[in-house]
Amino acid sequence: MGKPTDSNVLETVPSLENERARQYDFIQKARIYVNALEKQLSHKPLCFVQTFGCQMNARDSEKLAGILLQIGYEMTDAEEDADFVIYNTCTVRDNANQRVYGRLGYLGSMKKKKPHLKIALCGCMMQEQAVIDKIRKSYRFVDLIFGTHNIFKFAELIVTMFENGKSNGGMIVDIWQETDQIVEDLPISRKYPYKSGINIMFGCNNFCSYCIVPYVRGRERSRKPEEILAEIEKLAADGVVEIMLLGQNVNSYGKNLETPITFAQLLQEIEKIEGIRRIRFMTSHPKDLSDELINVMKNSQKICRHLHLPLQSGSDAILKQMNRRYTKADYLALVEKIKTAMPDIAITTDIIVGFPGETTKDVEETIDVVRKVQYDNAFTFIYSKRTGTPAAAMDNQVPEELVKENFDKLLRIVQDTAKERALLLQGQVMEALVEDLNEQDPSLVTGRLSNNMLVHFKGDASYIGKLMKVSLDGCHGFYYTGHRLDE
């Protein structure tokens, strides 16, 4: 059950035993308020949802959009036209927080021109008390704040927001510290008709010393496999051909269930579902990636040949300080095992530069791993101090100029090795899932390969959502140009 953290919040935490039915009742009540707003405005109320951060947040935003559409809003991509603006926030790095504060300044000006405008903030950033305090002090025009654990209450909170407005009440803050419940089968509006993210678990138990996620997403909670499989079967029936299984550490899936099941076993059950052609997942913690999973991936006809395997650092000293619980040698041995089983696998990673105490020698250890692994891509980040994490209290912070020097050096090597990897596939034929028309040239379509790279080739909107054999004629670093095999 959820536990509120803020003393001036909605204090009632409902029993979650029939919570799905309860929330559908609130959807009906919210629709009454939105219908009244439509009469007041003389047009259908418009809502705008801005997602910051990871694919978990993107999936949460689809849930928000599903409820908004159910209660009578229409979605808009033009923020300035909206009657309700929702920011689904991220707090993994400080620049994400600053972006939200910058946007709030703009919304304050909007609300002066449109007094009926409603503003809501949710997501990871809202789980931090310092953030709530700042918003209360500097952005008092915000109507509603809620967090990561009670997103299923969105319709209920909207009802409270409208009722609060009628009584000229203040900001509504409803933050839960934690929850052990997962409310299933509420409305969702998918961004793409042919692919979808699927939450298989929530939270994280790893407590890497630099990471805020366990504090804002809570402890690991796995969904029941039958619920996951039922959701995927519905998606397949609705035309979805590719799914992305989402969790902070998917390799830990199933450990806290009454009847434990491994992630590899879940994948095997998903593979049996007709209509699903591709299976992706992220993210995998190296310490938990099992031989069983490698074997299932090797023998699968549907699991994409792409594995995101965050390294963070190649230095044993820094890995220990990060509480990653593996060594450089452990990581390299795991990669060797993966590549031996699947020579065609594409491996991508995350790397942090500038962790407290990191020296140039430590960075060289990371560069050594990059050269040995030959990543297909790497997402490199400058360390961002997050209040409340152990790393934030470390007193050996690295000077900014040294961080930038090391970061630039690492980035150049990452880019060079990734381009070398990409060139190996030039001239080959691969299957691509067409995702959209090309943004720069509408005579082209953009397809995604099994290895997660993109290819652009001649086509039209009728190709979208289809799997096609494509010749990779030209390599342009991080994407290809090509043509359909039957052309």
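The following paragraphs lead through the strands, sheets and helices of this structure, which is a predicted model.

A suitable starting point is the open sheet of six strands, whose order is β2-β1-β3-β4-β5-β6 and whose pairing is parallel. The edges of this sheet are taken by β2 (74-75) and β6 (172-174); each has a single partner strand, so one side of each is left without a neighbour in the sheet. At one of these edges, strand β1 (residues 46-51) pairs with β2 in the parallel sense over two bridges. Within this pair, Cys47 stands opposite Met75 in β2. A helix also belongs to this picture: α3 (residues 94-113) packs on the sheet and touches β3 (84-89) and β4 (118-123). The direction of α3 makes about 170 degrees with that of β3.

A general point helps in reading such arrangements. Strands of a sheet pair through backbone hydrogen bonds, and the pairing is either parallel or antiparallel.

Parallel pairing is also found in an open sheet of three strands, in the order β12-β13-β14. Its edge strands are β12 (306-308) and β14 (377-382), each of which pairs on one side only. On average, neighbouring strands of this sheet are turned by 15 degrees against each other, direction ignored. Three bridges connect β12 with strand β13 (residues 346-353), and these two strands run parallel. Here Leu307 stands opposite Ile347 in β13.

Strand β7 (residues 195-199) can be considered next. It runs parallel to strand β10 (residues 242-246), to which five bridges join it. The bridge partner of Lys195 in β10 is Glu242. Is β7 mostly covered, or is it exposed? Five of its five residues are buried, and the strand is mostly covered. In a regular strand, the side chains alternate between the two faces of the sheet. For β7, one side carries Lys195, Gly197 and Asn199 and the other carries Ser196 and Ile198, and all of these are buried.

The antiparallel sense appears around strand β16 (residues 444-449). Strand β15 (residues 429-437) runs antiparallel to β16 and is joined to it by five bridges. A hairpin of six residues leads from β15 to β16, and Ala432 has Leu449 of β16 as its bridge partner. Strand β17 (residues 454-458) likewise pairs with β16 in the antiparallel sense, over five bridges. In that pairing, Val445 stands opposite Phe457 in β17. The hairpin of β16 and β17 has four residues between the strands, and in this hairpin Asn452 takes a positive phi near 85 degrees.

Why is β16 described as largely enclosed by the rest of the structure? The reason is that six of its six residues are buried. Both faces of β16 are covered, with Leu444, Thr446 and Arg448 buried on one side and Val445, Gly447 and Leu449 buried on the other.

The last step concerns a pair of helices. The axes of α7 (residues 225-237) and α8 (residues 263-271) come within 10 Å and cross at roughly 30 degrees. Because angles under 35 degrees count as roughly parallel, α7 is roughly parallel to α8. The crossing of α7 past α8 is right-handed. From α7, the residues Pro225, Ile228, Leu229 and Ile232 make the contact, and from α8 the residues Leu266, Glu269 and Ile270 do so. Of the residues in this contact of α7 with α8, six are nonpolar, none is polar and one is charged.

Conventions:
Residues are numbered from 1 along each chain as its sequence is written. This is a predicted model: local features need pLDDT of at least 70, side-chain atom pairs count only at pLDDT 80 or more; totals for chains, interfaces and linings use all residues. Side-chain values use heavy atoms; hydrogens and water are left out. Axes are lines fitted to C-alpha atoms, for helices over the stretch in contact, and angles run from 0 to 180 degrees between N-to-C directions. Angles under 35 degrees count as roughly parallel, over 145 as roughly antiparallel, 65 to 115 as roughly perpendicular and the rest as oblique. A crossing is left-handed if the near helix is turned anticlockwise from the far one by less than a right angle, and right-handed if clockwise. Contact means heavy atoms within 4.5 Å. Ala, Val, Leu, Ile, Met, Phe, Trp, Tyr, Cys and Pro count as nonpolar, Asp, Glu, Lys and Arg as charged, and the others, Gly among them, as polar. Buried means under 20% relative accessible area, exposed over 50%, partly exposed in between (1.4 Å probe, protein chains only). Two strands pair if DSSP finds at least two bridges between them.
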